[in-house]
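Please look over the sequence and the model shown here before reading on. The report after it goes through the parts one at a time.

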Amino acid sequence: MDGWMGKRLRVDLGERKVWVEELSPAYLKKWIGGRGFNSEVVYHETEAGMDPFDPRNPLCFATGPLGGTFAPLAGRTTISARSPMTCSSRGTEVHGHGDTNMGGHFAAAMKYAGFDQIVIKGKASSPVYLWIDDDHFEIKDARHLWGTKVKEGTKKIVEELGDPDIKVSIIGPAGENLVRFACILNSFGSAGGRTGMGAVMGSKNLKAIAIRGANPITIAEPKTFAERAWALRDIIHHAPSAIRRRDEGSMDLFDAGNAIGINAHKNVSTGFMPRIEEVYGGYQWAKEFLFRRKACWSCPVGCGRYTYIKEGKYAGFHCSGPEMESVCNLGPRIDSYDVASVNVMCGMVNELGMDSISAGAALSWTMECFEKGYLSEKDTGGIPFKWGDCETSMQVLEMIAQRKGFGDILAEGNIRAAEKLGVGMDIVPHCRGLEHISVDPRIAMGFSLGYAMSTRGSDHLKNYSCMEFQGSAISRQELVNEVLGPELSKEFWNDFPSELYTLTTKPKLCTWSERNKCVADLVGCCCQAIGSWGGAGDYRSYTPLLRAATGYDLSDEEVFIAAERVIAIERAHWNREGSARQDDTHIDRYFEEGVVDGPYKGLKIDRKEWDWAKSEYYKLHEWDENGFISDQKLMELGLEALIPDMEKGRQLFKQQD
Amino acid sequence: MNKKKVIVIDPDKCVGCHSCEMACSLKNFQKCSPLLSRIRIQEFRDVNTFIPIVCQACEDATCIKVCPMGARIRLESGAVVTNESACIGCRACIYACPFAAPVINLETGKTMTCDLCGNEAEPWCVKSCTMQGALKFVSKEQVSKDLSRKFAWKLKEQFQPQQLTEEKDGPGFSWG
C-alpha cells in the first residue's frame, strides 16, 4: 500500500483488547483519510441520543495519505467523536458530531507505526495510557500520571518508555475532570482544541497515547511526487502571506482583522478593539517574547511560536505558543491589554488541557454577566469578574480545570452554565452550543454563514471562506471568478470590498470553500496553504500529490465529491438528532444589536437576507428546505443507508415545531 | 584554497519540522521515513530546541581511520560515505564520530552518511530548509566568515550608539 498504511487500529479499553483492521481499496477511495475515516466511524458506531461519555462513543485519531510525508504542511491529525460540548435548540442533552484538528508530529508517528486511524472505545477501570510501538501494543497503567499537567505528563511517559522521539497525545487535568471543552495535545503544545475531545478521552480513563514506528511510508510515483512537492514548497516559499505568517505567526491576522473591525472584543459583543494590532501584532510580540519558532511535520512555514518572558512579573516563564486564536480569546475577548499575562494564560490553558477559545469564552461571558448585573459575587462564591482582570482569570482557569467552586459551573461551557444559572443565555455567542471564535459574525458574512452551517458547531475552520476578505480575494481573483461563476462574480467585484457584509454571493462561496478546506483534512495536510494564501492555489494543489503518493487514479472531481460526502455524513449526524434549519442560526443579539465601534459600527445581520441565504445554501447542497439532506443526494453520494435515519430526524424536527 | 562546499547547520534557526529528513529519505530511498534519512533532527521539544546532526565531512575524518574494512571513503565532492559492499556493519564509525553522525540503514544494517546529493546543485535537505535557514550549503572558506559575522552581529550593539541601531534584520539574525 502506498501513501496510506491501509490499517486501522482498534482498541477496547474495557475489554483491554487491541486489534488491527485492514482498510479496503474501495473504502480508502470513498473516504480518502483523516476526517473522512473519522466521520464515517463516528456516524456508524454511535446512535441518536447517545451520551458522549458513553463508553461506546468511538474516539478516533486519523491522518490522511499525505500525512507524515514530504508533502508540505503534512502534519495534521483529526480527532473525532460525539461531542460533549455541542447541543441543539432541542435541548442541551442533544449532542452531535464533534471533531478537532491538531498539528504537531503525532500524525507522522501514527503513520510510521503503520496506521491511518486509531479508534478507541470502552472505558478502562483505572487510568491507563496506550503504548504503540509498531506492532507491539500495550495498555499501560497511568495512575501515577493522573493529575499531571501536559508537559510533565508527556515528559514522564517519554522517560518511562526511554526514547525522546516517541510522540505523545495527552490530556491535562481538564480532560480528566471532564471539562466539556478539554482538549488533547501532542508534541508538548500542539492542541486539538475544539468540541471537547479531551473530555471524551478522560471519560475513557485514557490519559495518553504514546506512539513510535519504523515503517517507512512508500510512495507510488516518487519522482512525480517529489516534483509536485518541490513545486508547492517553492510556491509557499515565495508567497508573501506565508512569509509573513512565518515571521509573525498567526498573530499577523490582528492587523488585517482590526482594519475591518472583526476581532472579537468583550465577549464578541463589540466587533472592534482599539489598538489591538499595536498591542498584540506579531512583530511586537516577537520582539518581546519570541524564544524560537516551531513547526509541525514537514512544514516549510513554521507559524508555531515558543514564548520566553525575559522580564517583569512573569520573568523566566516559557511555554509553547501562543497562536492568534488563543491570544485573541484570552486577551481582547476579556478586554485585556496586558500581553505578558495573556501569554501566561495561553501557556496555562495548554498545560491544563483546555480549549483556549471556549476557556476565553467562559471568562468573557461571566464578565459580561457581571457588567449587565445578571451575576454578582454572591453567585460566584465571592470571585469578582471584571473586564481585563487577568489575575482573577488565571485563578478561574485553574478552578475550571479542577472543577472547583464556580469553576465547576463554567467547566460545562457557556450554554450549559447559562442554563444552570438561569441567566445570560441571550449573550452566549454560539452556534449549536460551541462558542464563536474571535471573529464577529455581523461583519464577514461568509464566516457568519459558515459558523451557523459548520458541522461541529460555531467554527470558521469548517467553512474557511477566506476569499471574502479583501487581500485574499485580490490575490486569488481568478479562483473567485471560477467559484462564483460569471454572474455572481460580477456582483462580487461590483460591490467589492463592501461585499464583505452582504450575503448575496456567500452561499455559493461557502459551499465551495467548505469542500476545499475538507480536502486538506482528508489528505492530512494543513488548510492554511489552500485556504487563505494567494499563490498556493486550492485543493487542486494537493490532489496531484495525493495521486502520486497513492498511485490511485482519483480525479479532482472524485476528491471534491468525497469531501462533499464527508460533510454530508457529519451533517447527517446532526439531522439524525432532529437538528437542522432551527439550529443553523445565530443568537438574537447579532440580528438586533449593531456592532459597537470600528469601521462597521452599527452593522447587524438582516433576518430576511439571512433566511434567504440559508435556503440558497441548502439548495446548492441539494438539501431540503428544512436543511435535511435529501434522499436523492444521499443516494448520489453512496450514503443511501442513511435514509431511514433522516426520516426519524425529520420526525423529531417536526415535533419541535 | 578549499572551495568545496559543505552543509552548515544553525540550530538557532531549526524549528523541528523534519522536512530535511523527509527530503533525504525521498531522494535516496523513494520513501518517507526519518529512519531512512542521513540527516537527523535531535529534539529537545520541552524547551523547543532542535539540533540537526549530519556528517560534517571532516578534513581529518576519524571514521575513515577507524573503519576496519576501509569502507569509509571520500568522494570527489569532499563527502565521506560508506562503501556498502565493503562495510560489515560494525558501527565503529558511529562510535568514532564526535557527532555520532553516521546512521544505520535499517534495510541493510550498514551505516550511511550524507553524500551531498551527488550532482544536484544543492542537497535536498538544504533546499527543503530554505524558509528556515537552519541548513546552508556553502564553501568551506565561507563557513568561518559567516559564523564570525553572526557573532559580530550580536556584539555590534555594544559598540554602536542606540540611535543608529537598525530596525531590520542583518545577516545571521532573524526573528527565529
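What follows describes the two domains of chain A, a sheet, some helices, chain B and the contact between the chains.

## Domains of chain A

This is a predicted model. Chain A is divided into domain 1, residues 7-212, and domain 2, residues 263-435. The C-alpha centres of domain 1 and domain 2 of chain A lie 25 Å apart. The contact takes 42 residues from domain 1 of chain A and 30 residues from domain 2 of chain A.

On the domain 1 side, helix 3 (106-113), helix 4 (150-161), helix 5 (173-176) and strand 11 (190-192) of chain A each supply at least two residues. Helix 5 of chain A gives the most to this side, with three residues. Sorted by class, the side of domain 1 of chain A that touches domain 2 of chain A has 20 nonpolar, 18 polar and four charged residues.

## A three-stranded sheet

In chain A, three strands form an open sheet in the order 14-15-16, with antiparallel pairing. Strand 14 (290-294) and strand 16 (318-320) of chain A are the edge strands, and each of them pairs on one side only. Direction ignored, neighbouring strands of this sheet are turned by 20° against each other on average.

Strand 15 of chain A covers residues 304-308. How many of the five residues of strand 15 of chain A are buried? Four of the five are, and strand 15 of chain A is mostly covered.

Strand 15 of chain A has a partner on each side. Four bridges join strand 14 of chain A to strand 15 of chain A, and the two run antiparallel. Strand 15 and strand 16 of chain A also pair in the antiparallel sense, over three bridges. The table lists some of the residue pairs in this sheet.

| Residue | Opposite or bridge partner | Strand of the partner |
|---|---|---|
| Leu290(A) | Thr307(A) | strand 15 of chain A |
| Tyr306(A) | Ser320(A) | strand 16 of chain A |
| Tyr308(A) | His318(A) | strand 16 of chain A |

A general point helps when reading such pairs. In a regular strand the side chains alternate between the two faces of the sheet.

## Helices of chain A

Helix 17 of chain A spans residues 414-421, and its buried residues are Asn414(A), Ile415(A), Arg416(A), Ala417(A) and Ala418(A). What do the buried residues of helix 17 of chain A pack against? They pack against helix 14 (356-372), helix 16 (407-410), strand 17 (430-431) and strand 18 (434-435) of chain A. Just after helix 17 of chain A comes Gly422(A), which takes a positive phi of about 75°.

Further along the chain, helix 20 (residues 477-495) and helix 21 (residues 506-523) of chain A pack at an angle of about 170°, with their axes 9 Å apart. An angle over 145 degrees counts as roughly antiparallel. Helix 20 and helix 21 of chain A are therefore roughly antiparallel to each other.

In this contact, Val483(A), Leu484(A) and Leu488(A) of helix 20 of chain A meet Lys508(A), Leu509(A) and Trp512(A) of helix 21 of chain A. The residues of the contact divide into five nonpolar, no polar and one charged.

## Chain B

Chain B has 176 residues, and buried residues make up 40% of them. The secondary structure of chain B comes to five helices and nine strands. From the N terminus on, the elements of chain B run β-α-β-β-β-α-β-β-α-β-β-α-β-α. Among the contacts in chain B with a separation of 6 or more, residues 24 or more positions apart account for 56%.

## Where the chains meet

Between the chains, 27 residues of chain B are in contact with 37 residues of chain A. Helix 1 (19-29) and strand 2 (31-32) of chain B each supply at least two residues of the side of chain B that touches chain A. The largest share of that side, six residues, comes from helix 1 of chain B. By class, the side of chain B that touches chain A has 12 nonpolar, 11 polar and four charged residues.

Strand pairing also links the chains. Strand 13 of chain A (residues 217-218) and strand 2 of chain B pair in the antiparallel sense over two bridges. Which residue in strand 2 of chain B is the bridge partner of Thr218(A)? The bridge partner of Thr218(A) is Lys31(B).

Note on methods:
Residues numbered from 1 in each chain as written. Chains lettered and ligands numbered in written order. Predicted model: local features only at pLDDT ≥ 70, side-chain atom pairs only at ≥ 80, totals over all residues. Pairing = 2+ DSSP bridges. Axes fitted to C-alpha atoms, helices over the stretch in contact; angles between N-to-C directions. Contact = placed C-beta atoms within 7 Å. Nonpolar A, V, L, I, M, F, W, Y, C, P; charged D, E, K, R; others polar. Parallel < 35°, antiparallel > 145°, perpendicular 65-115°, else oblique. Buried ≥ 20, exposed ≤ 12 C-beta atoms within 10 Å, placed from the backbone. Domains from an automatic or database assignment.
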